[in-house]
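Q: Hey, I'm new to this one. Can you walk me through it?
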Amino acid sequence: MRKYFLGLCMLCFSCIVSAEVNDTLNIISKEEIPKIEEKIHEIYHKKKVKVYVNTLTEGEGFQVADPERTIILNISRDKTTQVKVALRFSKDIDIEEEQSKMDLSLDNASSVLIGGKPAEYILQVLDGVEYLLENVEISEPEILMQEAEEREEFRKGIIISLGVILLLLLKIGHDFWKKKKRK
């Protein structure tokens, strides 16, 4: 029973850990995947940005459940074995000013991909992405902003309520003092 439980836990853990690299074309060697995953985790721990690397046949798609603070690198191949690369940033990562640097990084690394070393290409692109993230503004996710606004409204309500209670206590104290003074 323990062996089955341990095996199930290991299977679940391996699914969670390798969720960022989806090599459906099997162009990345099994030895290189942990290096890519390590780089992805490094980026996540530094900037709290999720990175997904996918190798797909042309026409396949990849969707993310929570598209905030996300970067997706898709490497697709069509029937003529022509490789296309798409690097997408979520809307909350503002890369307009740094777009030329990112294009340069993709172009510089393309010779490695053409040379048949996709893992090296991915690592070079991830290095470029990491450098880029150091220089761009990442806006807070909308959910966090909404929670902050709700907390601020709640604080205002508490302050107003305390103010009203204080005024009522002052009024009651003043009336009690006047009544006691008359006697």
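Q: For starters, how many helices and strands does the protein have?
A: There are 5 helices and 6 strands. Keep in mind that this is a predicted model.

Q: And what pattern do they follow along the sequence?
A: Going along the sequence, the order is α-β-α-β-β-β-β-α-α-β-α.

Q: What share of the residues is buried?
A: Buried residues make up 30% of the 183 residues. The accessible surface comes to about 13,400 Å², and 59% of that belongs to carbon and sulfur atoms.

Q: What about contacts, what percentage comes from residues 24 or more positions apart?
A: That's 47% of the contacts with a separation of 6 or more.

Q: Can we zoom in on a strand? Where is isoleucine 93?
A: Isoleucine 93 is in strand β5, which covers residues 93–94.

Q: Is isoleucine 93 buried or exposed?
A: Isoleucine 93 counts as buried, because its relative accessibility is 4% and the cut-off for buried is under 20%.

Q: What does isoleucine 93 touch, leaving aside neighbours within four places in sequence?
A: Its contacts are Val49, Arg69, Thr70, Ile71, Leu133, Val136, Glu137 and Ile138. Take valine 136 as an example: it sits 43 residues from isoleucine 93 along the chain, yet their C-alpha atoms are separated by 7.2 Å.

Q: Leu133 belongs to α4, right? Which residues of α4 are buried?
A: Quite a list: Pro118, Ala119, Tyr121, Ile122, Val125, Leu126, Gly128, Val129, Glu130, Leu132 and Leu133. So yes, Leu133 is in α4, and it's one of the buried residues there.

Q: How far apart are the end C-alpha atoms of α4?
A: They are 24 Å apart. The helix runs over residues 118–134, so it has 17 residues, and at 1.5 Å a residue it should span 24 Å, which agrees.

Q: Switching to charges. How many salt bridges are there?
A: The count comes to 9 salt bridges. In general, side chains of opposite charge can pair when their charged atoms come close.

Q: Which residues are linked in a network of salt bridges?
A: Lys39, Glu42, Lys46, Asp127 and Glu130. Within that network, lysine 46 pairs with glutamate 42, with the closest N and O atoms 3.6 Å apart.

Q: Where do lysine 46 and glutamate 42 lie?
A: Both are in helix α2, residues 33–47, and they are 4 residues apart, about one turn of the helix. Glutamate 42 counts as partly exposed, since its relative accessibility is 30%.

Q: Why does a spacing like that put residues on one side?
A: An α-helix has 3.6 residues a turn, so residues three or four places apart point the same way.

Q: Which side chains meet in a salt bridge at 3.7 Å, N to O?
A: Those of glutamate 152 and arginine 155. Both lie in helix α5, 3 residues apart. Each one is partly exposed: glutamate 152 has a relative accessible area of 39%, and arginine 155 comes in at 49%.

Q: And which ones meet at 3.2 Å?
A: Lysine 171 and aspartate 175. They also lie in α5, 4 residues apart, about one turn of the helix. Lysine 171 is partly exposed at 47%, and aspartate 175 is partly exposed at 35%.

Q: What about nonpolar stuff, which residues make the surface patch of about 530 Å²?
A: Phe154, Ile158, Leu162, Ile165 and Leu169 make that patch. Isoleucine 165, for one, lies in helix α5, residues 142–182. Isoleucine 165 is partly exposed, with a relative accessible area of 46%.

Q: Back to charges for a sec. Which side chain of opposite charge is nearest to glutamate 20?
A: That would be lysine 50, 9.5 Å away. Glutamate 20 is buried yet has no salt bridge.

Q: Where is glutamate 20, and what does it touch?
A: Glutamate 20 is in the loop between α1 (2–17) and β1 (21–23). Not counting residues up to four places away in sequence, glutamate 20 touches Ile40, His41, Val51, Tyr52 and Val53.

Q: Last one: how far is aspartate 66 from lysine 50 in space?
A: They are 9.8 Å apart, C-alpha to C-alpha, and 16 residues apart in sequence. Aspartate 66 is in the loop between β2 (50–57) and β3 (70–77), and it's partly exposed at 37% relative accessible area.

Technical notes
Residues numbered from 1 in each chain as written. Predicted model: local features only at pLDDT ≥ 70, side-chain atom pairs only at ≥ 80, totals over all residues. Heavy atoms only, no water. Patch = residues over 30% accessible without salt bridge, like charges linked within 9 Å, V, L, I, M, F, W, Y side chains within 5 Å. Areas by Shrake-Rupley, 256 points an atom, 1.4 Å probe, with all protein chains shown as cover. Salt bridge = Lys/Arg side-chain N within 4 Å of Asp/Glu carboxyl O. Helix = DSSP H or I, 4+ residues; strand = E, 2+ residues; numbered from the N terminus. Buried < 20%, exposed > 50% of the residue type's maximum accessible area, 1.4 Å probe, protein only. Lys, Arg positive; Asp, Glu negative; His and termini not counted. Contact = heavy atoms within 4.5 Å. Expected span 1.5 Å × (residues − 1).
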